[in-house]
Amino acid sequence: MSRKSVFLGWLKIVFGLIIFALGVHLTIRADLGLAPWDCLGMGISYHTPLNYGLSMTAMGVVILIIDVLMKEKIGYGTIIDALLTGNFVQIFNTVDRLPKTKSVWAGILIIIAGLTLMAIGQYFYMSAAQCCGPRDALLVGLGKRMKKLPIGFVQIIIWGTVLLIGWLLGGPVGIGTVFSTFGCGIVMQIVYRIIKFEPRKVNHQSVIETTKILKNNGRE
């Protein structure tokens, strides 16, 4: 890998995160309930001194520690994800131009569109091979340990577990929450099968490996 390919990879990651953030925005905009991770974050805030934002941050740190324990690499993609994704989602939420959802079915269609964009966005930043965010690293790490299961079903297991814990902690759950939990993996599996992408086969580079390339002026 050359220095040029590293920089192009960063652009690919940012592009993927923009698409992913738009997908997240659509699932929120459907107004049919919080997504599983948000449900868990809200549930944690009910039982600790932490507010919702700090709960999500603390949860991200815990997931990152789990990723490290599973020996998943931490790369520049992880850092870019942590710095940009939330801000991109906030931008889309702020400039929202979609009309208010008038029916459950319209909301479900918006959720499906959002989940599809999220899967496409994940493809772009995962395929850059510079590691991904803590939650996606968790997906890949567990996926490597459940090799016989399609990656989409591994996602369903993760989101289902997160939703259950969030619900037990009192986090708000709606029909959109349940639909997203089971629909996310199915949509992901369909999208990845169409584009023939298997995230478990991507050989990611850590921060140290990528930094060596940059320091060596791109010499291969």
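The paragraphs below lead through a predicted model, beginning with one of its helices and moving on to helix pairs, buried side chains and two loop residues.

A convenient place to start is helix H4, which covers residues 76-94 and so comprises 19 residues. From its first C-alpha to its last H4 reaches 27 Å, close to the 27 Å expected at 1.5 Å a residue, although the helix also bends by about 35 degrees at Leu-84. Buried positions in H4 are found on either side of that residue in the numbering, and they comprise Gly-77, Thr-78, Ile-80, Asp-81, Thr-85, Phe-88 and Val-89. The buried residues of H4 pack against four elements, namely helix H1 (3-29), helix H3 (52-69), helix H5 (104-127) and helix H6 (134-145).

Some of these partners of H4 also take part in helix pairs of their own. Two packed helices are described by the angle between their axes and the distance between the axes. For H1 and H5, the axes come within 7 Å and cross at roughly 165 degrees; an angle over 145 degrees counts as roughly antiparallel, and H1 and H5 are therefore roughly antiparallel to each other. The handedness of the crossing between H1 and H5 is left-handed.

Helix H2 (residues 36-47) and H3 form another pair, in which the axes come within 8 Å and cross at roughly 115 degrees. That angle makes H2 roughly perpendicular to H3, and H2 passes H3 in a right-handed crossing. On the H2 side of this meeting stand Trp-37, Asp-38, Leu-40, Gly-41, Met-42, Ile-44 and Ser-45, while H3 contributes Tyr-52, Ser-55, Met-56, Met-59 and Ile-63.

Within H5, two residues deserve a closer look. Tyr-125 is found in helix H5 and is buried, with a relative accessible area of 2%. Leaving aside neighbours within four places in sequence, Tyr-125 is in contact with Lys-12, Ile-13, Gly-16, Leu-17, Phe-20, Asp-81, Cys-131, Cys-132 and Asp-136. Of these contacts, Asp-81 is itself one of the buried residues of H4. By contrast, Tyr-125 and Ile-65 are 21 Å apart in space, C-alpha to C-alpha, and 60 residues apart in sequence.

Gln-122 is likewise found in helix H5, and its relative accessible area of 4% makes it buried, since buried means under 20%. With neighbours within four places in sequence again left aside, the contacts of Gln-122 are Phe-20, Ser-127, Asp-136, Gln-155, Met-188 and Tyr-192. Phe-20 and Asp-136 appear in the contacts of Gln-122 and also in those of Tyr-125.

Further along the chain, Thr-181 has its place in helix H8 (residues 175-195), where it is buried with a relative accessible area of 0%. Not counting residues up to four places away in sequence, Thr-181 touches Pro-36, Ile-156, Trp-159, Gly-160 and Leu-163. The C-alpha atoms of Thr-181 and Val-162 are separated by 9.2 Å, with the two positions 19 residues apart along the chain taken as their spacing.

Two loop residues complete the tour. Most residues other than glycine have a negative phi. Asp-31, however, has a phi near 55 degrees, a positive value; this residue lies in the loop between H1 and H2 and is exposed, with a relative accessible area of 55%. Lys-196 also has a positive phi, of about 60 degrees, although it is not a glycine. Lys-196 is placed in the loop between H8 and helix H9 (207-215), and with a relative accessible area of 78% it is exposed.

Key: Residues numbered from 1 in each chain as written. Predicted model: local features only at pLDDT ≥ 70, side-chain atom pairs only at ≥ 80, totals over all residues. Heavy atoms only, no water. Bend = angle between axes of the 7 residues up to and from the residue. Buried < 20%, exposed > 50% of the residue type's maximum accessible area, 1.4 Å probe, protein only. Contact = heavy atoms within 4.5 Å. Axes fitted to C-alpha atoms, helices over the stretch in contact; angles between N-to-C directions. Parallel < 35°, antiparallel > 145°, perpendicular 65-115°, else oblique. Left-handed = near helix turned anticlockwise from the far one by under 90°.
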